[in-house]
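The exercises below work through one protein model. Each gives a task and then a solution in steps.

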Amino acid sequence: MKRKLNVQTLRHSTAHLMAGAILELWPEAKFGIGPAIESGFYYDFDLPQTISEKDLPLIEKKMKELAEKNLKFEKKTLSIKQAENLFKKLNQPYKLEILEELKKLKNGEKSPQVTIYKLGNFIDLCKGPHLRSTKQIKFFKLTKVAGAYWKGDEKNKMLQRIYGIAFPTQKELNDYLSLLEEAEKRDHRRLGKELDLFSIDEEVGAGLPLWHPKGAMLRQIIEDFWIKEHLKNGYELVKTPHIGNINLWKTSGHWGFYRENMYSPIKIENEEYLLKPMNCPFHIKIYKSKIRSWRDLPIRWAELGTVYRYEKSGVLHGLVRVRGFTQDDAHIICTKEQLNEELDRVIKLTRFILSSFGFKEYNIYLSIRDPKKKKKYVGDDKIWDTAENALEKALIRNKLKYQRDVGEAKFYGPAIDIKIKDVLGREWQCSTLQLDFNLPERFEIYFINKKGKRETPIMLHRALMGSLERFVAVLIEHYNGAFPVWLAPVQVVIIPVGSNHIKPANKLAQELKEQNIRVEVDQLRETVGNKIRKAEKQKIPYMLVIGDKEAKGRYLNIRERGKKQIKKMTRKQFISLLKEQSTV
Ligand SMILES: [Zn+2]
Ligand SMILES: [Zn+2]
């Protein structure tokens, strides 16, 4: 029976093949590591010259030559000492560094051993597994070059990382490559610039986006919708500051458990303050501002709160990874008896919000703690079991398919994490619903129960879109910048044919604005054809060309985004069409 090709093994083996090709082309190359990753594989090299995407075909060609030789992956087991001698001889300092670490790790083993794999002239320190030979490596492509610090540490040398992809069949490779091409076209950084939505300015700082008028409008539309739906669903709004006294963060445990994600303190009159990485402690303080009774619960407090978290400059990416972002945050404080209903309500609202933005498919994860690393988490076993159970039961009650994700819980409790799938089938982590037994205890919050006794309530954290910055990035890529009418920052552009049509065009624009329609007039002295092309590029849903006939007559001349034919409608009809399309 023919064994099915394991894709991860194939990709990792292709990484070795690439390293073999590099060695042929640059015999003095030094090798870092070369794992398979979710979207392919990479290998980090220290090369005598800087390579660029232009060099990839040359490397690919060499890989093909080697693959056709049907080279075997030959495994050998060596003692650490033997391996050290070997990699010293090969002059491979990074491999020696890995060996040094392995030595520490295997300290205590009687005769510590490692495995090496030989492929042609290339010898690697590796656990495997690999394919038997390079014969099975046929359908691959090198996709990009990037810089990567050795061990991900910016104090170390910057190596050159080459990414690639490999598949068992040509068709899968072709499908993937066209997906990649499409994803590149949809890149929110490119579209964000083309559509004039946002920018990131070096002098302002990395990871701190500036929202331009159209981007700010898009966000406002999202925020308004979010607030409206939350008010309908029994939430109240709160607002809290961006910084808080260090003592608050000591009490909350963030200064202890979350410090690496926080920025250095700010000194104000001999006291230290911290930029908030989360909104929770503030909401707790509002709760504590008076005595609460069981009649006050459940409390649902929502805030579009901007938080600041430390991210290394190397991982910052457009709006997806930033240093300051706005969470669509809310905290629910309820009794034990109310927990199940509250969980169901959050799940229902999450599904509604996500589907309103066109996301109907998602993968759901139950993020639980790693029982082997209990030190990373607060709270005892019993409380964790109860909480994990409650979340799991909620998923089952709501008939949601889910996977258990061990070790992905927050330090203060387990969570349900939802990753949405966009039109290209890519996954994005957005919604999260977390149970917390840390903060209620640390801040000693309570309510007076029916018996007149103090009781600790349950606290839920939840964000449905996650970070608004990231969510907007996903929306841009999902819709390829062509937002549905209700989200489009500009819904209509009016194009006057000649200069004598500017006045009636502005008059019409004012008429539409009064109906809350987002409209622009293109007053530049350009041809109509040019203005239409521009509006198409801006992905504006409707274009109205105003000439003599339209300025005086009853009918408007309407061109829809992406469509050639012209529609005729009265102003009244057009306005009611837009109003209908502006509601979710
Ligand atoms: Zn390997
Ligand atoms: Zn929170």
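The model is predicted.

**Exercise 1. Locate P298 and describe the peptide bond before it.**

Step 1. P298 sits in the loop between β15 (292–293) and β16 (299–308).
Step 2. The bond that joins L297 and P298 is cis, and its omega is about 0 degrees.
Step 3. Most peptide bonds are trans.

**Exercise 2. Do the same for P129.**

Step 1. The loop between β6 (122–125) and β7 (139–149) holds P129.
Step 2. From G128 to P129 the peptide bond is cis, with omega near -5 degrees.

**Exercise 3. Find the sign of phi at N70 and at N480, and place both residues.**

Step 1. For N70, phi is near 55 degrees, which is positive, and the residue is not a glycine.
Step 2. N480, also not a glycine, has a positive phi of about 55 degrees.
Step 3. Most residues other than glycine have a negative phi.
Step 4. N70 belongs to the loop between α2 and β4, while N480 belongs to the loop between α14 (468–479) and β25 (492–496).

**Exercise 4. Classify N70 and K72 as buried, partly exposed or exposed.**

Step 1. The class "partly exposed" lies between the limits of 20% and 50% relative accessible area.
Step 2. N70 has a relative accessible area of 27%, so it is partly exposed.
Step 3. K72 has 46%, and therefore it is partly exposed.
Step 4. K72 lies in the loop between α2 (56–68) and β4 (74–79).
Step 5. K72 forms a positive surface patch with R132, K135 and K138.

**Exercise 5. Decide whether Q92 is buried or exposed, and list its contacts beyond four places in sequence.**

Step 1. Q92 is in the loop between α3 (80–89) and α4 (93–105).
Step 2. Its relative accessibility is 7%, and buried means under 20%, so Q92 counts as buried.
Step 3. With neighbours within four places in sequence left aside, Q92 is in contact with A29, K30, F31 and F87.

**Exercise 6. Summarise the whole protein: elements, extent, burial, contacts, surface and charge.**

Step 1. There are 18 helices and 29 strands.
Step 2. Along the principal axes, the C-alpha atoms fill a box of roughly 85 × 75 × 60 Å.
Step 3. The protein has 584 residues, of which 51% count as buried.
Step 4. Of the contacts between residues at least 6 apart in sequence, 71% join residues at least 24 apart.
Step 5. The exposed area is about 30500 Å², and carbon and sulfur atoms supply 50% of it.
Step 6. The protein carries 107 positive and 75 negative charges, and their mean positions are 3 Å apart.

Terms used: Residues are numbered from 1 along each chain as its sequence is written. Chains are lettered from A and ligands numbered from 1 in the order in which they are written. This is a predicted model: local features need pLDDT of at least 70, side-chain atom pairs count only at pLDDT 80 or more; totals for chains, interfaces and linings use all residues. Side-chain values use heavy atoms; hydrogens and water are left out. Patches are made of residues with over 30% relative accessible area and no salt bridge: like charges are joined within 9 Å, nonpolar side chains (Val, Leu, Ile, Met, Phe, Trp, Tyr) within 5 Å. Accessible areas come from the Shrake-Rupley method with a 1.4 Å probe; for residues, only the protein chains shown count as cover. A salt bridge is a side-chain nitrogen of Lys or Arg within 4 Å of a carboxyl oxygen of Asp or Glu. Lys and Arg count as positive and Asp and Glu as negative; His and the chain ends are not counted. The place of a charge is taken as NZ of Lys, CZ of Arg, CG of Asp or CD of Glu. Helices (H or I, at least four residues) and strands (E, at least two) are DSSP runs, numbered from the N terminus. Buried means under 20% relative accessible area, exposed over 50%, partly exposed in between (1.4 Å probe, protein chains only). Contact means heavy atoms within 4.5 Å.
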